Amino acid sequence: MTPQDTLTHWLEQSAAVRARMTAGGGKPGLAHPAQVAGKTGLQIMQAMLAGELPYPHIAETLDFALIEVGPGQAVFQGTPQLKHYNPLGTVHGGWYATLLDSAVGCAVHTMMPAGRAYTTAELSINIVRAASHESGPLRAIGKVIHCGRQLATAEGRIVGPDGKLYAHATTTCLVFEMPGRG
């Protein structure tokens with residue numbers, strides 16, 4: 001596929017996902033414990049994509065969305081905007097970090113059995129190319145490297161439709177039993 005074909009596919013896929021989430025009643029918020037009880041991490045992420053569970057408010061704040069999930073993988077899409085710039089006139093590093101933390105964290109989330117959860121213990125990012133409000137949509141692709149009983153690691157990349165790398169990251173997550181769940 002050409003970069004233009006990829007861009008067209010990304011825009012169509014994003015519009016379809018957002019429409020499906022909205023049609024399913026999806027909106028920003030927090031899921032109630034009863035809504036996620038007995039569900040695996042992958043089932044929770046799939047329910048979010050279907051609009052059956054709320055998605056995090058940060059997605060609206062930074063204008064990005066979950067696009068795909070699968071076992072050990074999560075894909076987010078976002079477009080940097082002027083409101084994401086720092087005082088130097090460039091996209092704030094926090095935009096890259098949040099997009100990557102979402103991708104790698106949700107990739108780990110897809111590996112959680114019912115009653116287990118995780119939290120980010122370490123996130124390391126490298127920004128290798130400047131993005132701007134003219135960059136168009138970028139994708140953060142997170143993939144699990146290892147998922148154990150106590151620790152999980154994952155890696156992620158932010159890429160453009162032309163395949164160019166904008167940033168990459170690794171994470172270490174602590175995995176734990178949710179009290180009173182399972």
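This note goes through salt bridges, pockets, cysteines and a few single residues in a predicted model.

1. Salt bridges. The model has 2 salt bridges. One joins the side chains of lysine 83 and aspartate 63, with N and O 3.0 Å apart. Lysine 83 sits in the loop between β2 (73-78) and α5 (93-109), and aspartate 63 in the loop between α4 (58-61) and β1 (64-70), so the bridge ties together parts 20 residues apart in sequence. Lysine 83 is exposed, at a relative accessible area of 55%. Aspartate 63 is partly exposed, at 22%.

2. The strand-to-strand bridge. Glutamate 177 pairs with arginine 116, and their closest N and O atoms are 3.2 Å apart. Here both partners belong to strands: glutamate 177 to β6 (residues 165-177) and arginine 116 to β3 (residues 116-127), so this pair links parts that are 61 residues apart in sequence. Glutamate 177 is partly exposed, with 43% relative accessibility. Arginine 116 counts as buried, with 15%.

3. The largest pocket. Its volume is about 1000 Å³. The lining is made up of 47 residues, and those nearest the centre are Met45, Met48, Pro54, Pro56 and His109. Several elements supply at least two lining residues each: the helices α1 (3-23), α2 (33-36), α3 (41-49), α4 and α5, and the strands β1 and β3. By residue class, the lining holds 26 nonpolar, 14 polar and 7 charged residues.

4. Helix α3, which contributes to that lining. Of the 9 residues in α3, 7 are buried, and the helix is mostly covered. The buried ones are Gly41, Leu42, Ile44, Met45, Ala47, Met48 and Leu49. Met45 and Met48 are also among the residues nearest the centre of the largest pocket. The buried residues of α3 pack against α1, α2, β1 and α5. After the helix comes glycine 51, which has a positive phi, near 80 degrees.

5. The second largest pocket. This pocket has a volume of about 160 Å³. Its lining consists of Ile141, Lys143, Glu155, Gly156, Arg157, Val159, His168, Ala169 and Thr170. Three strands, β4 (138-147), β5 (151-159) and β6, supply at least two of these residues each. The largest share comes from β5, with 4 residues. The lining is evenly divided by class, into 3 nonpolar, 3 polar and 3 charged residues. Strand β6 also carries glutamate 177, the salt-bridge partner of arginine 116 described in point 2.

6. Cysteines. How many disulfides does the structure hold? The count is 0. For cysteine 147, the closest cysteine sulfur is that of cysteine 173, at 8.8 Å, which is too far for a bond. A disulfide would need the two sulfur atoms within 2.5 Å. The relation also holds from the other side, as the sulfur closest to that of cysteine 173 belongs to cysteine 147. Cysteine 147 is partly exposed, with a relative accessible area of 28%. Cysteine 173 is buried, at 0% relative accessibility.

7. Serine 14. This residue is in helix α1. Is serine 14 buried or exposed? Serine 14 is buried, with a relative accessible area of 9%. Apart from neighbours within four places in sequence, serine 14 has contacts with Ile67 and Gln77. Helix α1 is also one of the elements against which the buried residues of α3 pack.

8. Threonine 8. Helix α1 contains threonine 8 as well. Threonine 8 is partly exposed, at 33% relative accessibility. Its C-alpha atom is separated by 9.1 Å from that of proline 161, although the two residues are 153 residues apart along the chain.

Terms used
Residues are numbered from 1 along each chain as its sequence is written. This is a predicted model: local features need pLDDT of at least 70, side-chain atom pairs count only at pLDDT 80 or more; totals for chains, interfaces and linings use all residues. Side-chain values use heavy atoms; hydrogens and water are left out. A salt bridge is a side-chain nitrogen of Lys or Arg within 4 Å of a carboxyl oxygen of Asp or Glu. Buried means under 20% relative accessible area, exposed over 50%, partly exposed in between (1.4 Å probe, protein chains only). On a 1 Å grid over the protein atoms alone, a cavity is a set of points where a 1.4 Å probe fits but cannot get out, and a pocket is an open set with protein on both sides within 12 Å along at least five of seven lines; lining residues have an atom within 4 Å of a point. Grid points are joined across faces, edges and corners, and a volume is the space filled by probe spheres set on the points. Ala, Val, Leu, Ile, Met, Phe, Trp, Tyr, Cys and Pro count as nonpolar, Asp, Glu, Lys and Arg as charged, and the others, Gly among them, as polar. Contact means heavy atoms within 4.5 Å.
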